[in-house]
Each structure stands twice: as structure tokens, then as C-alpha cells.
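Okay, thanks everyone. I'll take a few minutes to walk you through one structure, so have a look at the screen.

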Amino acid sequence: MIRSHNWTDLLTNFIQSRRNTPFVWGKNDCCLFPADAVLAMTGEDKAADFRGTYNSAIGAKRALKKKGYSNIEEALTGILGAPVSRLSVRRGDVVLVDYEGQEVAGVMYGQVLVPGVDQLATVSPPVSYTHLTLPTNRE
């Protein structure tokens with residue numbers, strides 16, 4: 001999976017389009033928001049098997065279990081690959097962070113962006129966290 005040559009513009013446009021979109025299970029949640037960012041940057045829908053399969057927290061957990069994952073970290077690793085060093089983090093990477101006491105996936109964009117109640121929320125990256133990085137077409 002390679003980022004498009006104009007991935008920075010694609011990511012910026014995606015973030016702007018979602019800036020004021022509230023958290024909604026199965027639409028704009030901590031799994032589908034980063035998956036949609038990956039789709040915008042690469043054209044590949046890594047969450048296609050999950051779309052339309054849940055609309056609640058319990059439904060999301062069931063969807064993960066149905067695919068053989070016990071939590072979001074396992075799903076991200078299984079779908080996007082093994083986590084890499086936090087020192088390699090860069091804009092557009094999918095990151096796993098603690099947000100309001102929950103382990104959630106977000107997108108690095110200066111700070112980590114995650115879907116919040118009414119709009120995107122920012123989370124300062126903690127000292128240690130896992131993330132999954134996508135190569136650009138230059139790598």
C-alpha cells in the first residue's frame with residue numbers, strides 16, 4: 001500500500017471535510033476515521049469488510065471478533081502491519097492513543113486527530129504509543 005504522489009493534499013482535504021463531523025459508530029469512529037484517511041491517501045479501502053456491519057460499541061466489538069481480532073490494536077496490526085518505532089511517526093500515519101480512557105486509532109496531523117463527540121478532537125501524542133506507517137511513492 002503506497003501513498004499517492006499528492007497524498008498531502010488528499011489528506012488535508014479529507015481532514016477539512018471531517019473537521020466538524022461528530023463521532024458516529026460505523027460511520028465516523030476510531031476505526032473508520034483512520035481507515036478513511038488511508039483510503040484518501042492510497043485509494044485502498046482497508047476497512048471494506050467492516051463497513052456497514054455495526055452501529056454501536058458492542059457491534060464494533062462483535063465485528064472485530066468476527067474477523068478474529070480481540071481489540072483495535074490487533075485489528076490495526078493485522079490489517080496495516082506491525083507497529084513501528086514512535087520515532088518514525090509522520091503526518092498521515094495511523095496511530096494508537098489513549099483518548100478519554102479508551103484505546104483508539106487516530107491520524108497524525110501535527111497532533112493526533114480522533115473523532116470527538118461533535119468534531120475532530122486533538123490528542124497530544126504520549127511518550128510511547130504504537131503507530132502504523134504508510135510509505136510514500138518515493139520510498
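I'll start with the overall layout, then go to a helix pair, and finish with the pocket.

First, keep in mind that this is a predicted model. The protein chain has four helices and five strands, and from the N terminus on they run α-α-α-α-β-β-β-β-β. Of its 139 residues, 40% are buried. And if you take contacts between residues at least 6 apart in sequence, 59% of them join residues at least 24 apart.

Now the helix pair. Helix 1, residues 7–18, and helix 2, residues 32–42, have axes that come within 8 Å and cross at roughly 145 degrees. That crossing is right-handed. Who's touching whom? On the helix 1 side you've got Trp7, Leu10, Leu11, Phe14, Ile15 and Arg18, and they meet Phe33, Asp36, Ala37, Ala40 and Met41 in helix 2. By type, that contact is nine nonpolar residues, two charged and no polar.

Okay, on to the pocket. The largest one has a volume of about 750 Å³. It's lined by 35 residues, and closest to its centre sit Trp25, Cys30, Cys31, Ile72 and Glu103. So which elements give two or more residues to that lining? Helix 2 does, along with helix 3 (57–66), helix 4 (72–80), strand 2 (102–109) and strand 3 (111–115). Helix 3 gives the largest share, six residues. As for chemistry, the lining of this largest pocket divides into 25 nonpolar, six charged and four polar residues.

That's my tour, happy to go back to any of it.

Key: Residues are numbered from 1 along each chain as its sequence is written. This is a predicted model: local features need pLDDT of at least 70, side-chain atom pairs count only at pLDDT 80 or more; totals for chains, interfaces and linings use all residues. Side-chain values use heavy atoms; hydrogens and water are left out. Axes are lines fitted to C-alpha atoms, for helices over the stretch in contact, and angles run from 0 to 180 degrees between N-to-C directions. A crossing is left-handed if the near helix is turned anticlockwise from the far one by less than a right angle, and right-handed if clockwise. Contact means heavy atoms within 4.5 Å. Ala, Val, Leu, Ile, Met, Phe, Trp, Tyr, Cys and Pro count as nonpolar, Asp, Glu, Lys and Arg as charged, and the others, Gly among them, as polar. On a 1 Å grid over the protein atoms alone, a cavity is a set of points where a 1.4 Å probe fits but cannot get out, and a pocket is an open set with protein on both sides within 12 Å along at least five of seven lines; lining residues have an atom within 4 Å of a point. Grid points are joined across faces, edges and corners, and a volume is the space filled by probe spheres set on the points. Buried means under 20% relative accessible area, exposed over 50%, partly exposed in between (1.4 Å probe, protein chains only).
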